[in-house]
Structures are given as structure tokens and as C-alpha cells.
Amino acid sequence: MGTLLRLFSPPPSTHFFHSSTLPFTFPVTKQIYSRTRKKLHRIHSSKFGNFLDLQPESEPESLNFDLPLWDPSDRSLMDVIIIGTGPAGLRLAERVSSYGIQVCCVDPLPLSSWPNNYGVWVDEFESLKLDHCLDRTWCMTSVCINDNKTKYLDRPYGRVSRKKLKTELMERCLWNGVKFHKAKVWEIEHREFESSVACDDGNKLRASLVVDASGFGSAFIGYDKPRNHGYQIAHGILAEVDGHPFDLDKMVLMDWRDSHLGNEPYMRASNSKLPTFLYAMPFDSNLIFLEETSLVSRPVLSYMEVKKRMAARLRHLGIRVRRILEDEKCLIPMGGPLPKIPQSVMAIGGNSGVVHPSTGYMVARTMGLASELADAIAVGLGSTRMIRGKPLYHRVWNGLWPIEKRCVREFYSFGMETLLKLDLNGTRRFFDAFFDLNPYYWHGFLSSRLTLGELALLSFSLFGHASAPSKVDIVTKCPVPLVRMMGNLALETI
């Protein structure tokens, strides 16, 4: 779900959702918004309900820090090199360096603004003591099952301020003595007790441990199983509109209605098989973030198909887009196998398997897991035993993915495989039952904090709350994913 969670520094054309997903380059306050409008010389207006002919009018602003740079003449062995300065990389750098461990972050543009939007449950960021990095919260969320049923969830939701969060993490890194090197990593070489990172500027950096936080596209993390991911894809816009029908005190988590496709028989048939939903953050009566999202599909749904469905939805809702301040394309691989455990390069973020296989949520979870990984790194590198090489790799990988968490992830992947088999009506029935569960279970499921036993109890409860047609879906469409999950659990525990 989106928003679609990205925890690294990807190209500006991509984004990770939402599902823990969605923020922006600047806090959208009336004062800042007004100043932004004055900077724009031309105001474009779309056709009624259409936005496909509009281009984003604002550019993300880079941070302004005097970075302490790594000295190329220094040939000494560092403790940790982290590739990437997205949320995952900076959070890990901040946590590891707090132990007095020497850290260097390598990124060609370490001060650039993150291009992605992150939306989170407020309680998640409160538990991380990062709730001051939220620039807008909604006291409730809504889920539109169909034209006749809407569920209201009493769980506050927030949008992360990318600028506030990156500034916070960067300031902590600087305070702890983290160094930075502005370059792109081309190659990583390993010796028995150290690794070297070769960069595109001709420099080589050496460290006891290299951590890759550069995202899904990384070529440095190896797999020993076929990568059969599902994919979440979405198109989002931060837009000035003439008006919209949404309550300002409620964030729209999911809108599964398809009445907007009544005059589009081809799209309606396609949406019935591979449904998309609307995710919306209303800031005021004329400013809103809108995102059309395919929760999960395999193969990935066409990006143009998603945009066309969104245009049809906005026309139906009577939303006239006057200007687009930002847009984003979100593509998140979900589920699939974990990386090979252990291996010589550590990973954190999108390429480490931490994306929620059933929802796409990632950013809040990664903030928390970075602390656990930092603890494991500190035990190794800070130990008087001077753990290095294969024993260190084994310690840090199993610190991130102990056996219980691997088993829990198999259950979430089972959820993803089940969702892949549901059409629009089946998906509606599923979420109708899911959000009828005791809040402890659906809160915990979406926040990745249930134990394996609690997930089993959730399954029984979900079946009990399901409608008769939904129970038929479960009985007829779950056996194959269930057998696959049980087999994988058996392999994990051997």
C-alpha cells in the first residue's frame, strides 16, 4: 500500500510507496505554498478531470550542509562503508556511528532531496521518536470497499516531511562524525578480512564491512533462489485542484470503487481482473495528493494503464487538476526470496527484503530495523575479539534476519500470493473482513510486528469474519500458496 515505500537514493523517476509510503520535498503549509506559487510564471490548466497533459512545476530542493568529506589521501581501513544516503542508509549510518564506529557514506548526491513520498501510521513514528518529522497528520483513515460501504479506521496516519527527516538524520550523522564521499560505486572486492569499494572517480575506499543501501536496482547483493517478485506500481500527483470531495480530517487509505469506469468497458474489465485503488491525502480544499495504485500484480501492471484509470477516476469525481506541483512513478518489488544469507556485502532497505510483501510498506520498518542491524554491527566491530570476515557477515545478516523473522516474512509472502489470485470483488471482500478484525491484529499486520503465532490467530479470525464468497476464495485460492509457505517454513527451520 503504498506509498510505496523507497529507502535508498533511486533515480528521480521512481518512488517507493506508499504503503509505508508517501512525503514531499517541502512541508505544504499555506505560507510555503503561497511562496511557491509566486515563483511560478505560468499556470497551466488541464482539461476537465484530466492531468496527463500537465508537467510538474516545482523542483525538489537540496539540503544545505557543509559535509565532512573523506580524504582520498587517507588509505587507512575504515570500519563501515554505506552505499546510498536514502532513509535506510542515513538511518543506519546514524545508528552505527552512535557507537563510536567509523562510518563513511558513498553517494554521488548525498544532499539531494529524496524523490519519494512516505506515508506512515503515526504510532509507528512515535515509537521511533521521529513523529516531529511528520508535516501533516489525519486523525482517521477511510477505506471505500465499494459504492455502498466505507470503513473508517481509528488510527491516525501521517505524511513524512522528507526535508525534516533527512535533515534530522544528516545532523545526527554529522554530530557522530560520519564522513561522506561524493561518487558512484562501480565495484566491490573482498579479501578475507576487508572489502574495497571502487568508485567512478577512480578512488578506492577500504572497510571491514560494506553495507548496500542503494535500493532494488543494486547489482551488489546476491540471491540463491529465483526472484519471483510481485510488483506494486502507482502514479501520484501533488496537485492544485478546483475542489475535491474528500474530508480534510480523513486520509483515504484505499478507494476500491470502480463506478468511474462505467463508460470505459475495456478498462472496467481490466480493472476487474487486476484492480487498482485510489490513495489520497487532502491538505486543504484546493491542494491534495492523489495516487492510483496497483497493490500487487505479477507481471507488473502497465504504468500507462494506471495513469488512464486515474484520469477516468478524477473525471468521475469532478476533480479538475489546475496544476501539478510534483508527480511520481512508484514501482516496488514485493515478496520473492530473501538475499543469500550470509554474503560478503550487507544490505538494508529495499534490497534487503524488508518491504512488506503484502502491502509495500517499508520506511517505518526500516527505521526500526536499522537500529537492530546497528546493534549487530557494533557487537562485531566493537568487540575486543575483533570479529571480521565471514563471522562478521554471519552475525550481521542473522541480526537483520533471525530465523523467526524469516518465518514471519514467509507468512506475509503467503498473504501476497493470495492477493495475487484475487480479482476486484475478491479483493473487496478480503479487505472488508480484514478491517473488521480486532485492531490489534490489523495494526500489527500492517506494521510487521506480529509473531508467527499471532499471525496464525489472525488467519483463523479472518476466516471467521469473512463472508461466504470470501471463504470460498480462501478455500479455493489459498491451498497452493499455503503449501508453498509450509515448504519454505520447513526449509528455514532445518
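Are Phe434 and Phe445 buried or exposed? Phe434 is buried, and so is Phe445. Buried means under 20% relative accessible area, exposed over 50%, and partly exposed in between, with a 1.4 Å probe and protein chains only.

This is a predicted model: local features need pLDDT of at least 70, side-chain atom pairs count only at pLDDT 80 or more, and totals for chains, interfaces and linings use all residues. Residues are numbered from 1 along each chain as its sequence is written, and side-chain values use heavy atoms, with hydrogens and water left out.

**Exercise 1. Classify the aromatic pairs of Phe434.**

Step 1. Take the rule. Rings of Phe, Tyr and Trp (its six-membered ring) pair if their centres lie within 6.5 Å. Planes under 30 degrees apart count as stacked, over 60 as edge-to-face, and the rest as tilted. The count comes to 17 aromatic pairs.

Step 2. Apply it to Phe435. The ring centres of Phe434 and Phe435 are 5.0 Å apart and the planes stand at 85°, so this pair is edge-to-face. Both residues are buried.

Step 3. Apply it to Phe445. Phe434 and Phe445 are also edge-to-face, with 5.5 Å centre to centre and 70° between the planes. This pair links distant parts of the chain: Phe434 lies in helix α10 and Phe445 in helix α11 (residues 439-446), 11 residues apart.

Step 4. Widen the view. Phe434, Phe435 and Phe445 belong to one aromatic cluster, whose members also include Trp121, Tyr157, Trp256 and Trp442.

**Exercise 2. Describe helix α10.**

Step 1. Locate it. Helices (H or I, at least four residues) and strands (E, at least two) are DSSP runs, numbered from the N terminus. Helix α10 covers residues 424-434.

Step 2. Check burial. Of its 11 residues, 9 are buried. Among them are Arg428, Phe430, Phe431 and Asp432.

Step 3. Find the cap. Asp423 caps the N-terminal end of α10. A side-chain oxygen of Asp423 lies 3.3 Å from the backbone nitrogen of Asn425.

**Exercise 3. Work out the order and edges of the sheet with β5, β9 and β6.**

Step 1. Read the order. The open sheet has 3 strands, β5-β9-β6, with antiparallel pairing. Two strands pair if DSSP finds at least two bridges between them.

Step 2. Find the edges. β5 (119-121) and β6 (134-138) each have a single partner strand, so one side of each is left without a neighbour in the sheet. The twist averages 30° from one strand to the next.

Step 3. Look at one pairing. β6 and β9 (residues 157-160) are joined by 4 bridges. Leu134 stands opposite Val160 in β9.

**Exercise 4. Decide whether Cys104 is in a disulfide.**

Step 1. Take the rule: a disulfide is a pair of cysteine sulfur atoms within 2.5 Å. The count comes to 0 disulfides.

Step 2. Check the distance. For Cys104, the nearest cysteine sulfur is that of Cys105, 6.8 Å away.

Step 3. Check burial. Cys104 counts as buried, at 0% relative accessibility. Cys133, at 1%, counts as buried too.

**Exercise 5. Place Ser358 and find its contact.**

Step 1. Ser358 is in the loop between β19 (345-347) and α7 (363-381).

Step 2. Its relative accessibility is 4%, so Ser358 counts as buried.

Step 3. A polar atom of the Ser358 side chain lies 3.3 Å from the backbone nitrogen of Met416.

Note on methods. Axes fitted to C-alpha atoms, helices over the stretch in contact; angles between N-to-C directions. Polar contact = N/O pair within 3.5 Å; in protein donor to acceptor, adjacent residues only side chain to side chain.
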